[in-house]
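Let us walk through a protein model and its ligand, one short question at a time. Have the sequence and the structure ready.

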Amino acid sequence: MKNIIKVGIIGYGTIGMGTAKILIENKTLISKRTGKEIILEKIVDLDITTQREYQVDPSLLSTDIKEIIENDDINVVVESIGGINPAKTFIETALKNKKSVVTPNKEVIAKYGRELMILAEENGVDLFFEAAVGGGIPIIRPLKMGIGANNIKEIYGIVNGTTNFILSKMADDGEDFDETLKEAQDLGYAEADPTADIEGFDSSYKLVILSTLAFGAKVDFENIYYEGITKITARDNMYANEFGYEIKLLAVGKEIDGKLELRVHPTFVPQSHPLANIKGVNNAIYVKGDYVGETMFYGPGAGAEPTGSAVVADIMDIAYSFDTPLNRRNLRTDFEDIEIVGQGDFNSEYFLRIDCADESGVLAAISSVFGKHDVSIKSALQKDATEKGSELVVITHDVKESSILNAVKEIESLKTVFLVHKLIRVGV
Ligand code: HSE
């Protein structure tokens with residue numbers, strides 16, 4: 001029976017630092033709960049000289065990766081450098097060297113998780129990634145265990161803190177996207193290169209992970225339809241509020257008639273829905289199971305300490321069952337091919353903003369195109385007509401996405417229509 005577990009952390013950035021801090025500051029509690037002594041043995045980073053917010057004993061630091069992934073003393077490797085390369089190679093080497101791996105790296109798990117889980121199983125070690133989705137919120141383990149007796153029908157929510165911070169601020173301050181992004185960057189809530197967050201990649205990686213586990217399906221990044229938030233404007237927010245909605249970037253996974261619908265996009269969320277009130281960097285994820293009903297997981301979706309808390313929980317889980325044969329609850333490698341619905345077959349209500357001429361017959365022409373494509377209008381309003389034109393704002397009833405896209409194409413070709421702004425889906 002092994003009573004000492006040694007941990008190596010690769011990457012001394014935000015999450016590596018949060019993880020180190022919790023392992024050191026809560027060492028006694030962690031040992032008491034797991035019955036094992038968990039020792040932070042080594043931290044490897046290319047930069048070990050820049051002062052971090054949380055300082056560790058300099059003897060723990062090294063720039064040599066071999067001191068972790070090829071060190072026989074180390075039992076658990078935390079990979080917290082992010083991205084694919086060299087993160088994936090480090091994870092593979094660690095697993096092959098019979099070390100369990102914990103990673104908050106959603107991109108590597110979304111793109112290579114299934115093969116890495118098989119590699120872990122072959123080597124009799126664990127691969128855990130609670131922190132890859134929802135930061136500090138427990139969601140991976142609940143999916144595998146807490147609600148593991150259910151067929152999951154739906155999993156959806158806000159899984160990106162940066163975009164939720166930006167969208168909340170845009171709504172509260174009536175600002176446009178570019179100025180809010182700049183403020184978020186100045187405050188450290190958005191990265192210097194914010195592409196992965198604002199274009200929806202980050203949410204898509206998380207949806208791959210969630211839907212793989214929730215539906216037991218072979219889901220790939222390419223299966224996710226995604227849109228980011230860069231085209232959302234202050235005017236969209238103004239109308240959203242007028243109609244009783246908040247704009248949120250949602251990741252949505254649904255099982256409908258044995259097929260999966262997987263999408264990430266800005267959404268008009270009714271103000272009465274709890275997701276409309278998730279502000280700042282917080283995340284919230286809904287899971288609907290056939291027997292448990294509807295559950296919601298809410299909390300800080302990013303940040304050193306919340307994410308470090310999830311990483312350390314994974315290390316503790318490994319410690320609990322260390323030296324025992326691999327447990328089926330930990331690694332799932334039994335994923336199935338399930339048909340994934342294409343974008344044209346999604347159904348939703350849609351919000352459209354149309355810049356058009358202010359003259360007779362325009363509304364009739366637009367209505368006629370909607371009618372031709374079976375698009376029924378739920379609400380409409382027209383405001384601010386000037387000599388330059390007017391703005392027609394429409395929310396449709398539930399309609400097939402291919403129908404609304406065809407209708408928009410035809411409306412765009414009308415001589416009296418200047419611009420159809422970005423479509424926004426309505427409802428959760
Ligand atoms: N960039 C991510 C976010 C960090 O904003 O949610 C947590 O995965």
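Helices (H or I, at least four residues) and strands (E, at least two) are DSSP runs, numbered from the N terminus. Keep in mind that this is a predicted model.

Q: How many helices and strands does the protein have?
A: Count the runs of each kind from the N terminus. The protein has 14 helices and 18 strands.

Q: Why is the protein as compact as a globular protein of its length?
A: For 428 residues, the globule rule gives 22 Å. The protein comes close to that value, so it is as compact as a globular protein of that length. Its own radius of gyration is 24 Å.

Q: What does the C-alpha trace span along its principal axes?
A: Three axes give three lengths. For the C-alpha trace of the protein, the span is about 80 × 45 × 35 Å.

Q: Where does the ligand sit, and which elements give two or more residues to its shell?
A: The ligand is found in the largest pocket. Two or more shell residues come from each of α7 (161-173) and α10 (201-215).

Q: How many charged residues are in the shell around the ligand?
A: The ligand is surrounded by K106, N160, G161, T162, D197, D202, K206, G301 and A302. Sort this shell by class: 1 residue is nonpolar and 4 are polar. The number of charged residues is 4.

Q: Which residue has a polar side-chain atom 2.6 Å from an oxygen atom of the ligand?
A: Take the contacts in turn. In N160, a side-chain N or O atom is 3.5 Å from a ligand oxygen. In G161, a backbone N or O atom lies 2.7 Å from an oxygen atom of the ligand. The side-chain contact at 2.6 Å belongs to T162.

Q: How much of the ligand's accessible area does the protein cover?
A: On its own, the ligand has 250 Å² of accessible area. The share covered by the protein is 85%.

Q: Which peptide bond is cis, with omega near 10 degrees?
A: Most peptide bonds are trans. Look at P86, in the loop between β4 (76-79) and α4 (87-96). The cis bond runs from N85 to P86.

Q: Which residue in the loop between α13 (362-372) and β14 (377-386) has a positive phi?
A: Most residues other than glycine have a negative phi. K98, in the loop between α4 and β5 (100-102), has a positive phi of about 65 degrees without being a glycine. In the loop between α13 and β14, a positive phi of about 60 degrees belongs to D374.

Note on methods. Residues are numbered from 1 along each chain as its sequence is written. This is a predicted model: local features need pLDDT of at least 70, side-chain atom pairs count only at pLDDT 80 or more; totals for chains, interfaces and linings use all residues. Side-chain values use heavy atoms; hydrogens and water are left out. A residue is near a molecule or strand if one of its heavy atoms lies within 4 Å of it. A polar contact is a pair of N or O atoms within 3.5 Å; within protein, one must be able to donate a hydrogen and the other to accept it, and residues adjacent in sequence count only if both atoms are side-chain atoms. Accessible areas come from the Shrake-Rupley method with a 1.4 Å probe; for residues, only the protein chains shown count as cover. On a 1 Å grid over the protein atoms alone, a cavity is a set of points where a 1.4 Å probe fits but cannot get out, and a pocket is an open set with protein on both sides within 12 Å along at least five of seven lines; lining residues have an atom within 4 Å of a point. A molecule sits in a cavity or pocket if more than half of its atoms lie within 2 Å of its grid points. Ala, Val, Leu, Ile, Met, Phe, Trp, Tyr, Cys and Pro count as nonpolar, Asp, Glu, Lys and Arg as charged, and the others, Gly among them, as polar. The radius of gyration is taken over C-alpha atoms; the globule rule is 2.2 Å times the number of residues to the power 0.38.
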